[in-house]
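Thank you for asking me to look at this structure with you. The points below are meant to be read beside the sequence and the model, one element at a time.

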Amino acid sequence: MRIEDTGVGMILSQDVIDERGNLLLEKGISLTKKYISRLKGLGISTVAIIDPYGESLKKQKVISPELRENLTQCFTELFRMKAADILNFKPPATHLQKLNSVMDTVIDEASAQLDQAINIQVRNLSQDETQHAVNVCLLSLITGLYLKFDRQVLKELALGALLHDLGKSMLPAGDPDKAYLHTIYGRELLLRSNLNPVVARIAGEHHEYFDGEGHPKGLTGRTIHPLSRLVCIANYFDAVIAKSSLNHLPRQEVVEEMMGAGDTHFDLNLLRAFLNTVAIFPVGTFVRLNTGKTAYVIRNKTHFPLRPVVRVMEDFGHMDIDLVVKPNITIADIIAE
């Protein structure tokens, strides 16, 4: 929750730590006016607040928390392999066997959730590199399931999406001008593993744009692998949504920007499929309406990504509003996700 939306009496669900790693407030502390003022003065922009009702709406996950942790560990084991020479990248067979086994289970669990994909938790709220990789993997996989890709293609998609940024492990420290090289490094690393070559191609092409304005090769249209085009969309979406909560960018603008880039940056058909399966406002999100009232998102609708059903809490109970049939009411801001 953004610090300006907090109030006296709210309880922290996580420690508040500054950019230097100093503990400012401990989990479980009840906020006071003085605490809120101090956090603002120290430049803290967001805090995690206990919200039992909101959390009760988020119970359904695309995969179990335990499986997500296993998937995270698989990525971390590979990402932390600081190879001295890119040409010598040979991940231990045990790493790849574990990754393949875990990914098979991920596909099975996600497949079972497909009918409710737009109403289940797919993304974890984090700008951490590891969680970004897992988010992009699951966002891509759900869309692939919606498009009825066969099992082998789903496996290539999920692995390529998880490992799309693997090349960042080889980047020289503190040199942002070389960031573009991670696609080249990632492709080379994965070509030297025992994974399917399509996985390496996804890593190499996930920053290529449909109109040729991407990198590293400036590929265009259908010269870019379809799975790379899909991971490009998922990668961009997860990154911009993570930033939107910090820079107050409305989700409507995110969707409009992406749709406006259909068939320039993105493959328009794949983008439409992606937005049909991925929640712009996940169930349990606490929002402010243009009426000034606050509400929880309780259900999303395919083809109407910006018009969910929301629940306004009143003194006498609650009132559910379907924004599809109430065009004059819109979500003005996200308070907490």
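1. Two strands are taken as paired if DSSP finds at least two bridges between them. With that in mind, and bearing in mind that this is a predicted model, one can begin with β5 and β6, which run antiparallel and are joined by 6 bridges. The bridge partner of Glu314 is Gly317 in β6, and the connection from β5 to β6 is a hairpin that passes through 2 residues.

2. The pairing continues on from β5, since 3 bridges join β4 to β5, again with the strands running antiparallel, and here Tyr296 stands opposite Arg311 of β5. Strand β4 (residues 294-299) is also joined by 3 bridges to strand β3 (residues 286-289), and this pair runs antiparallel. Within it, Arg288 has Thr294 of β4 as its bridge partner.

3. How many strands form the open sheet, and in what order do they stand? There are 5 strands, in the order β6-β5-β4-β3-β7, and the pairing is antiparallel. Because β6 (317-322) and β7 (331-336) stand at the edges and have a single partner strand each, one side of each is left without a neighbour in the sheet. From one strand to the next, the twist averages 40°.

4. A salt bridge ties the edge strand β6 to a loop: the closest N and O atoms of Lys301 and Asp322 are 2.4 Å apart. Lys301 belongs to the loop between β4 and β5 (309-314), whereas Asp322 is in strand β6, so that the pair links distant parts of the chain, 21 residues apart. As for their surroundings, Lys301 counts as partly exposed at 25% relative accessibility, while Asp322, with a relative accessible area of 19%, is buried, because buried means under 20%.

5. Side chains of opposite charge can pair when their charged atoms come close. The count of salt bridges in this model comes to 19, and some of them share partners, joining Asp104, Asp108, Arg151 and Lys155 into one network.

6. Another salt bridge deserves a careful look, namely the one in which the side chains of Asp238 and Arg123 meet at 2.6 Å, N to O. This pair links distant parts of the chain, with Asp238 in helix α9 (residues 226-247) and Arg123 in the loop between α4 (93-112) and α5 (129-146), 115 residues apart. Are these two residues buried or exposed? Asp238 is buried, with a relative accessible area of 1%, and Arg123 counts as buried too, at 11% relative accessibility.

7. The salt bridge between the side chains of Lys58 and Glu55 has an N to O distance of 3.5 Å. In this pair Lys58 is buried, with a relative accessible area of 11%, whereas Glu55, at 47% relative accessibility, counts as partly exposed.

8. The loop between α4 and α5 also holds Leu125, which is exposed, with a relative accessible area of 54%. Leu125 and Glu337 are 212 residues apart in sequence, yet their C-alpha atoms are 7.8 Å apart in space.

9. In soluble globular proteins, nonpolar side chains tend to be buried together. The largest nonpolar core of this model has 78 residues, of which Met103, Val106, Leu162, Leu163 and Phe274 touch the most other members. If neighbours within four places in sequence are left aside, Leu162 is in contact with Leu71, Phe75, Leu99, Met103, Ala133, Val134 and Cys137. Another core, of 16 residues, lies apart from the largest one, and its members include Ile3, Leu31, Leu39 and Val47.

10. Finally, why can helix α8 (residues 197-205) be described as largely enclosed by the rest of the structure? The reason is that 7 of its 9 residues are buried, these being Val198, Val199, Ala200, Ile202, Ala203, Gly204 and Glu205. The N-terminal end of α8 is capped by Asn196, which has a side-chain oxygen 2.8 Å from the backbone nitrogen of Val198.

Note on methods
Residues are numbered from 1 along each chain as its sequence is written. This is a predicted model: local features need pLDDT of at least 70, side-chain atom pairs count only at pLDDT 80 or more; totals for chains, interfaces and linings use all residues. Side-chain values use heavy atoms; hydrogens and water are left out. Helices (H or I, at least four residues) and strands (E, at least two) are DSSP runs, numbered from the N terminus. Axes are lines fitted to C-alpha atoms, for helices over the stretch in contact, and angles run from 0 to 180 degrees between N-to-C directions. A salt bridge is a side-chain nitrogen of Lys or Arg within 4 Å of a carboxyl oxygen of Asp or Glu. Buried means under 20% relative accessible area, exposed over 50%, partly exposed in between (1.4 Å probe, protein chains only). A nonpolar core is a set of buried Ala, Val, Leu, Ile, Met, Phe, Trp, Tyr and Cys residues joined through side-chain atoms within 4.5 Å. Contact means heavy atoms within 4.5 Å. A polar contact is a pair of N or O atoms within 3.5 Å; within protein, one must be able to donate a hydrogen and the other to accept it, and residues adjacent in sequence count only if both atoms are side-chain atoms.
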